[in-house]
Protein chains: 2
Amino acid sequence: MARNTDKRREELRERLVTIAEAQVRASGLGSLRARALAGEAGCAVGAIYNVFDDMTGLILAVNGRTFRHLGAFVSDVVDARQDTGPTDRMITIAFAYLRFASDNPTLWRALFGVKMSADRDVPAWYLDELGRLFSIISTPLSEVYPQADASEIDLKTRALFSSVHGIVALGLERRISGVPQDRIEMMIEYIIRNVTSRS
Amino acid sequence: MARNTDKRREELRERLVTIAEAQVRASGLGSLRARALAGEAGCAVGAIYNVFDDMTGLILAVNGRTFRHLGAFVSDVVDARQDTGPTDRMITIAFAYLRFASDNPTLWRALFGVKMSADRDVPAWYLDELGRLFSIISTPLSEVYPQADASEIDLKTRALFSSVHGIVALGLERRISGVPQDRIEMMIEYIIRNVTSRS
DNA sequence: CTAGTCAAATGAACGTCGTTCATGGAGGCC
DNA sequence: GGCCTCCATGAACGACGTTCATTTGACTAG
């Protein structure tokens, strides 16, 4: 019995994540509805709660996919430019981050827009994926600062990632600032080139 | 008749904003409830809609206050250090921004966490307040780049504001990165000092 | 002072949401 | 084949923002 049941649960889980991902991509995090989801998946609303703790758990699963796609995309882009210097490679990474956010705005925003009840805490793989992103940045950064220890590299990595993230986040938020994409790229390059060209 | 009515509306409006502000401060944007608000204000739920278009309008009013408080706080702090150089003044501004966000995390987060239906657009005073913040930064920045034109200053201002905003936002988000406050300050100083010490 | 008028205040009702739980039925075990 | 267990089910629940028919009360005209 266990075998058949587990398989069905796993299939339903994947189907729900796929449908939810499409919904978030199309209309944003706020448009997810348990009933619509169950309807599209061909199951009862209650079935969702046999597979996920709650809607937040489902969103976290969607974000897990997005994190992997983002990491793979950025890695691929920078791997194709391993011959360039560390500063140019960091700019490449940041542009790829901007590109992903710009191409998948709703999915990308969902990464940082999950509301979690206080008791629930972030799954370990969430921080793992963020660490993987950090490590993509810290590699060229270590070349810029060959004598820096791990703690210093970690601080500079977080600082640069957060800076680029802020530029992308506010730049894409048309409501607040609304800046053309090429000007966002100019801002990113301005920060990274000036920061990493100095010791 | 009009006089008395308008006065009561204005009083109710202010009372509602004050109560909502306290509620957001205490428990965050997501804890605002129309019924609880009406209960505390001593009015009917429907009365809220005689004064505001909807809950989003009320939140925007709260954010308006927060924007003014933030602007006044940052201005006061930097005004007390007008004797220092432009780079040090920019670090002072950024530290003040961090301090405000850290002291009023829920109100500060509400500034960027409002959900608005697509048709509604940002009130003009919202962008005005943001422009006021920008101008606080662009003043010392113009001293760093005396030969830069307005468009270039605008781009660098947005880039630096967004960078600091990103560092503060991700640094305070204990869920995602969670960094001690002094390390956040180190990140800010790292970015600003390196960016503005170069041409 | 009284009657009339009309906008503003009211709160029950509505539609929708995430979540739960008693129930019915499908599927493994003897 | 009969029993029993366990899971899918979807109606029900409580809470939410918002609406609207009704009541209220302030102001004016006579």
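These are my notebook entries on a predicted model, covering a DNA strand, a chain interface and some salt bridges.

**Ground rules**

I number residues from 1 along each chain as its sequence is written, with chains lettered from A and ligands numbered from 1 in the order in which they are written. Because this is a predicted model, local features need pLDDT of at least 70 and side-chain atom pairs count only at pLDDT 80 or more, while totals for chains, interfaces and linings use all residues; side-chain values use heavy atoms, with hydrogens and water left out.

**Entry 1: DNA strand C**

I began with the protein around DNA strand C, taking a residue as near if one of its heavy atoms lies within 4 Å of the strand. There are 17 residues around the strand, and A:Leu32, A:Arg33, A:Ala34, A:Arg35 and A:Tyr49 come nearest. I then asked which part of the strand faces the protein: of its atoms within 4 Å of the protein, 56% belong to sugar or phosphate and the rest to bases.

Next I looked up polar contacts (a pair of N or O atoms within 3.5 Å; within protein, one must be able to donate a hydrogen and the other to accept it, and residues adjacent in sequence count only if both atoms are side-chain atoms). A polar backbone atom of A:Leu32 is 3.0 Å from a phosphate oxygen of DNA strand C. For A:Ala34 I also found a polar backbone atom 3.0 Å from a phosphate oxygen of the strand. On the base side, a polar side-chain atom of B:Arg35 lies 3.4 Å from a base nitrogen of DNA strand C.

Which elements give two or more residues to this surface? They are α2 (34-41) of chain A, together with α1 (2-27) and α3 (45-51) of chain B. I use DSSP runs here, numbered from the N terminus: helices are H or I with at least four residues, and strands are E with at least two. α3(B) gives the most, with four residues. By class, I count nine nonpolar, three polar and five charged residues near the strand. For the classes, Ala, Val, Leu, Ile, Met, Phe, Trp, Tyr, Cys and Pro are nonpolar, Asp, Glu, Lys and Arg are charged, and the others, Gly among them, are polar.

**Entry 2: where chain A meets chain B**

Contact here means heavy atoms within 4.5 Å. Chain A gives 37 residues and chain B gives 37 residues. The two chains bury about 3500 Å² between them, 65% of it on carbon and sulfur atoms; buried area is the accessible area (1.4 Å probe) that two parts lose on being put together, summed over both.

I find two salt bridges across this interface, a salt bridge being a side-chain nitrogen of Lys or Arg within 4 Å of a carboxyl oxygen of Asp or Glu. One of them joins the side chains of A:Arg183 and B:Asp154 (3.8 Å, N to O). Between the chains I also have four residue pairs in polar contact, both at pLDDT 80 or more.

On the side of chain A that touches chain B, α7 (124-144), α8 (150-172) and α9 (181-196) each supply at least two residues. The largest share, 14 residues, comes from α8(A). That side divides into 20 nonpolar, 10 polar and seven charged residues.

**Entry 3: B:His165**

Is B:His165 buried or exposed? It is buried, at a relative accessible area of 7%, where buried means under 20%, exposed over 50% and partly exposed in between (1.4 Å probe, protein chains only). B:His165 lies in helix α8 (residues 150-172) of chain B. Leaving out residues up to four places away in sequence, B:His165 touches A:Leu170, B:Tyr97, B:Trp108 and B:Phe112.

**Entry 4: salt bridges**

I count 18 salt bridges over all chains. In one of them, the side chains of B:Arg89 and B:Glu143 meet at 2.9 Å, N to O. B:Arg89 lies in helix α5 (residues 86-103) and B:Glu143 in helix α7 (residues 124-144) of chain B, so the pair ties together parts that are 54 residues apart in sequence. B:Arg89 is buried at 7% relative accessibility, whereas B:Glu143 is partly exposed at 40%.

B:Arg99 and B:Asp103 form another salt bridge, with the closest N and O atoms 2.9 Å apart. Both lie in helix α5 of chain B, four residues apart, about one turn of the helix. B:Arg99 is partly exposed at 47%, and B:Asp103 is partly exposed at 44%.
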